[in-house]
Amino acid sequence: MMNFFSFWKKIKPEVKEGYLAESISLFSSLTSDEQTLIEQHSRLVGFKRGDIVYEEGAVPDAFYIIISGRFRLFTRARGPEKESTLLFFYRGEHFGETSLLTGSVHSASVEAKTDAVALKISAESFQQLLQKIPALALHLSRSLGRHLTREELGYSHHRREVRIAAFYFAASTEGMACFLMDFIKTLRRETQSKVLLLDLSGKLKNLLPAEFRRGDASGFDLKTMDPSNELSIQRSILAHETSFDLLSFAVNAALDEDEKKFTTLLTYLTYRYDYLVLCLPDRNTPVAVKALNYSDRVYLWAEKRTDVFTFASKKAGELCQDFGFSKNEIKIIMPSQEGKAFSADGLGVAAEIQLFSTLPSLQYQRYQYEKTMTFLAKEWSERLVGLVLGSGAAYGLSHIGVLRVLEQEKIPVDVLAGSSIGALIGTLWAAGYDSHEIEKIAKSLHKKNAFFKLLGFRDISAIHRGFFKGNQITQFLSAYLKDMTFLDLKVPVKVVATDLLTSEEVVLDSGSVLNAVRASISIPGFLRPYPYKGSYLIDGGIVDPLPVKILSNMGVRKIIAVNVLPAPKDLIERNELRRKAFHQGFQRRGYWQRIVMKTLDRVQRRYTANIFNVMMNSIMFTEFEIARMAGSEADVFIHAAVPDAHWIEFFSADKFIDEGVKKTREQLADIRQLLLE
């Protein structure tokens, strides 16, 4: 069960309990006792933008796990060499362990790129934890293996990061080969980097197009490889100028046993390629084990639904248990069947591990197929840009202004998460409506018709279930979302709701989009809870009004979050503006007019305490603090709240949209910088 109460915790060094329950890959395989042990040996430390965590050449004194924010690994300028950024560390990642494990000084410096919080474990405690927690040592040993390979490349001084993925398949089929080729081609196109496919399975070459069947049909022989003769290695690689390169291996005992030669070969290849895809045999030979130790992630191809149980799920469990991979580092790919999308719902073990990426049919859903390929490629290359739209009733109309600026400036959005009104506007946008079309939808509501279009007297419900049934809102939205499913959306969307019976956060990303939105906007007491799998769902903003963690846990590295909820200072400002306006008008009126003004003001104040305001304001007061803390974990945080507004003002779209445009343009430089990093 998700520990959503951690959203209430202030991010301060002296408060760390509960952070290990978050989805940090390093701790995903640890027991609760092991997590408690780590808590006892660690402390939270805060960093401001620009703070240096440690300098190149310094003696290592701690291990760091990032809770929020972003860090940069870089080398200082020296002599003719300029300062060089090597890579960025994001939420859930860690640094500092290589020097601690090897006993060497730090080979590069680390700087906080944003305000950030990290879990710090001293060098002494780090060594104690490695002895007491085998799973932690296993995970770090795999990480160290990759780092040492890159160290041999001179990576610590001037090289870029090399990414390596392992690829497994249950059966060698044309569908599998087609996916693998399209995936690598998309990766090449998106990253403009050199990609090499290594076939260690011996089953792939005959399934590839003719241009990849040139050369020695027996393949590259690891047994006869001369490590000093790099030219012979290069000649064995089938190069392709516009696609990817291929290295096929001869299947013999050396390919199974000679891990030292394989390591030498891999090191040579990482000099020349940015991405390596290792197509592995389905057996744990010494070479395959070495390949997994160097891999950043694993892709498992399941051709049929039965393969999910007989091959993919079993293999995923082994990789997590034996090699320390986290769930976010493993992806099970299964094609849709006969143009129909595959769903993981109700698949027992398969659904439980939540590693699926459904591959749409190339024949029936070409657009979605290509979008999925692009998503997978950007996911691995850590180029995904995520947009989070928060809850806030009418305040959420500011999201339209945010989307308008992103459209005008051609800022890419690869995945979106939203709660309540954020989920509604986000799904409309993902469904293909641009910001101007969504504005027209919003402006179709005005003071005279808003109540009847969204609620109406026929929608009044039995009070014990909520004031309104929600049928009228569903009917209004159905004109735009129709019978769309999440697979029909142009951008992947995660809709957040809350389980009424368990208080758990529920992420809806399959099935009917309209039903998901209806569940997410079910304001407690206002709309009836939405029935769902034997339970009931209410407004997603109750537990997660700004669902940054949803995208962060997916591995999205660049997150723009939009909070539209007014802060306490905004509410104070609103009341002050209204008080000043009243007194200015009061001074200009005559005696009888003043009496009328006082009477109307007294009536209005009494009306302000109506049950709807009490419910909504109480919810939003609570949600703001949760959203504020969640926003601190975004890379770019936009607070687009209109001070002089009311949560019910769905008929005043212009002022909300203008605020969204204004606040987004203020952050545009930061957004552009984020895309470049």
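Here a biologist and a modeller talk through a predicted model.

Biologist: Let's start with the open sheet. Which strands form it, and in what order?

Modeller: There are 4 strands, in the order β1-β8-β3-β6, and their pairing is antiparallel.

Biologist: What makes β1 and β6 the edges of this sheet?

Modeller: β1 (43-47) and β6 (94-95) each have a single partner strand, so one side of each has no neighbour in the sheet.

Biologist: What makes β3 and β8 a pair?

Modeller: Two strands pair if there are at least two bridges between them. Strand β3 (residues 62-68) and strand β8 (residues 116-122) are joined by 6 bridges, and they run antiparallel. So, set against that cut-off of at least two, they count as a pair. One bridge partnership is that of Ile65 with Leu119 in β8.

Biologist: Which helix packs on this sheet?

Modeller: That is helix α3 (residues 123-132), which touches β3 and β8. The direction of α3 makes about 70 degrees with that of β8.

Biologist: Now to β9. Why is strand β9 described as largely enclosed?

Modeller: A residue is called buried when its relative accessible area is under 20%. In β9 (residues 163-169), 7 of the 7 residues are buried, so the strand is largely enclosed by the rest of the structure. Arg163, Ala165, Phe167 and Phe169 point one way, while Ile164, Ala166 and Tyr168 point the other way, and all are buried.

Biologist: Which strands pair with β9, and how do they run?

Modeller: Strand β12 (residues 275-279) is joined to β9 by 5 bridges and runs parallel to it; Phe167 stands opposite Cys279 there. Strand β13 (residues 297-301) also has 5 bridges to β9, again parallel, and Ala166 has Val298 as its bridge partner in β13.

Biologist: Which residues of helix α17 are buried?

Modeller: In α17 (residues 471-481) they are Gln472, Ile473, Phe476, Leu477 and Leu481.

Biologist: What puts these buried residues on the same side of α17?

Modeller: They cover an arc of only 160 degrees around the axis, which places them on the same side of α17. Just after the helix comes Lys482, with a positive phi near 45 degrees.

Biologist: How many residues does the largest nonpolar core have?

Modeller: It has 88, and Leu477 and Leu489 are among those with the most contacts inside it. Helix α14 (residues 421-430) gives the largest share, 7 residues.

Biologist: Which residues belong to the second core?

Modeller: That separate core has 42 residues, including Leu200, Leu265, Ile330 and Ile332.

Key: Residues numbered from 1 in each chain as written. Predicted model: local features only at pLDDT ≥ 70, side-chain atom pairs only at ≥ 80, totals over all residues. Heavy atoms only, no water. Contact = heavy atoms within 4.5 Å. Axes fitted to C-alpha atoms, helices over the stretch in contact; angles between N-to-C directions. Buried < 20%, exposed > 50% of the residue type's maximum accessible area, 1.4 Å probe, protein only. Arc of directions from axis to C-beta. Core = buried A, V, L, I, M, F, W, Y, C linked by side-chain atoms within 4.5 Å.
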